[in-house]
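Please open the model in your viewer and keep the selection panel at hand. The stops below go from the whole chain to single residues.

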Amino acid sequence: MLAAMSQAKVGDAIIDIDPSTRLLEETVAEMLGKEDALFMPSGTMTNQIGIRLHCIPGDEFLCEYECHIYTYEQGGFAQLSQLVAHTVVGNECLLNVELIRNRIRPDNDHFARTKLVCLENTHNRGGGRIHPLAQVNEICDWAHSHQLKTHLDGARLFNAAVATGIAERDWCRGFDSVSVCFSKGLGAPVGSCLVGTKEYILRAKRARKLFGGGMRQSGFLAAAALYGLQHQRDRLAEDHANAQIISEAVRRSEKLSLAFETVDTNILIVRLDESLGTAADFVQRLATMGVAALPFGLRSLRLVTHLDVSREQILRACEILEELAS
Ligand SMILES: Cc1ncc(COP(=O)(O)O)c(C=O)c1O
């Protein structure tokens, strides 16, 4: 990846064109089955610009209560775009048409105007759950039949595609806009793309400049993202297999349990028995034994498998987890 970055051909992506950035954008647009794409520094920016462009101040969007856009982006949609999030608690973090059917506000001066539905796939706080394609399509069809736009936070869409064998463009068909990240499972240091129609991406470019996300020789970063897409996408299957191995260790342990019945991809949310103390303490003890985890609530922690962790290290991490829990 570093070699690809150092050899990248670059220009000034703000004033004219940076060839490596453009190549990434064209590749991603084609892969996701949309007209155009725009490279940005982060998934937060692609999400925030993505939803802003579907709405005007005073509008609201429907989203799942635990989703990243609502939980982890400082309410940027309110701070930066004067939008309201209308949250709905999902079924194990997944929405379906039944849950949102009655959430569109009446056209009445009392209410914000409901304009957009946002989904997240895979779902981070949902333990990397894959939102089944049939459900996703049903929601998107329902949204469009009610004149609502659709945005996908696909930060980990590549995981969903690799785990199911369903191509990225098929996952994206029902969405007006999609955000994907290269800095997660694909292992690039920086970067996300927003995709949509040519007209939408033209507006996104203007918003990116406004948000301070215009970059000059971004080709060095785009080259890393492209390398990740071309060389590190298919190996996500190894991360998924490693997550299964950890899930078995958790199931073996009397004092650990999985927050969700299935582990679909590379994220595990593990619940701790009260006797193990708080997640913050447990995570600290894990750290001293060489296992990095994230507290995810008072008695839950998050484990993520990724390209820097080998099978051997996963097996060792399982031993440490079980040892500490017992
Ligand atoms: C589902 C999801 N969306 C968006 C983001 C935001 O990405 P970034 O950290 O690049 O802003 C994350 C980051 O973890 C995420 O998990």
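Begin with the ligand in this predicted model, and select the residues of the shell around the ligand, which divide into two nonpolar, eight polar and two charged. The selection to type is S42, G43, T44, N47, H68, E120, N124, D153, A155, C181, S183 and S192, since these residues surround the ligand. If you then colour by secondary structure, look for helix α3 (residues 43-52), which supplies the largest share of that shell, namely three residues.

Next, step back to the whole chain, whose secondary structure comes to 14 helices and 11 strands. Taken along the principal axes, the C-alpha atoms of the chain fill a box of roughly 55 × 55 × 35 Å. How does the radius of gyration of the chain agree with that of a compact globule? For 326 residues a compact globule would have a radius of gyration near 20 Å, and the chain has 20 Å, so the two agree.

Now colour the chain by domain, with domain 1 covering 2-231 and domain 2 covering 236-325. The C-alpha centres of domain 1 and domain 2 lie 28 Å apart, and the contact takes 15 residues from domain 1 and 15 residues from domain 2. On the side of domain 1 that touches domain 2, the residues divide into four nonpolar, eight polar and three charged.

For a helix pair, select α8 (residues 157-164) and α12 (residues 236-252), whose axes come within 9 Å and cross at roughly 80°. Because angles of 65 to 115 degrees count as roughly perpendicular, α8 is roughly perpendicular to α12. To see the contact itself, show the side chains of F158, N159, V162 and A163 on α8, together with L236, A237 and H240 on α12. By class, this contact of α8 with α12 has five nonpolar, two polar and no charged residues.

Two stops in the backbone remain. Most residues other than glycine have a negative phi, and most peptide bonds are trans. Zoom first to the peptide bond from N121 to T122, which is cis, with omega near 0°; T122 is found in the loop between β4 (113-120) and α7 (133-145). Then move to Q74, a residue other than glycine whose phi is positive, near 55°, and whose place is in the loop between α4 (68-71) and α5 (76-81).

Key. Residues numbered from 1 in each chain as written. Predicted model: local features only at pLDDT ≥ 70, side-chain atom pairs only at ≥ 80, totals over all residues. Axes fitted to C-alpha atoms, helices over the stretch in contact; angles between N-to-C directions. Helix = DSSP H or I, 4+ residues; strand = E, 2+ residues; numbered from the N terminus. Parallel < 35°, antiparallel > 145°, perpendicular 65-115°, else oblique. Contact = placed C-beta atoms within 7 Å. Nonpolar A, V, L, I, M, F, W, Y, C, P; charged D, E, K, R; others polar. Domains from an automatic or database assignment. Near = placed C-beta within 6 Å. Rg over C-alpha atoms; globule rule 2.2 N^0.38 Å.
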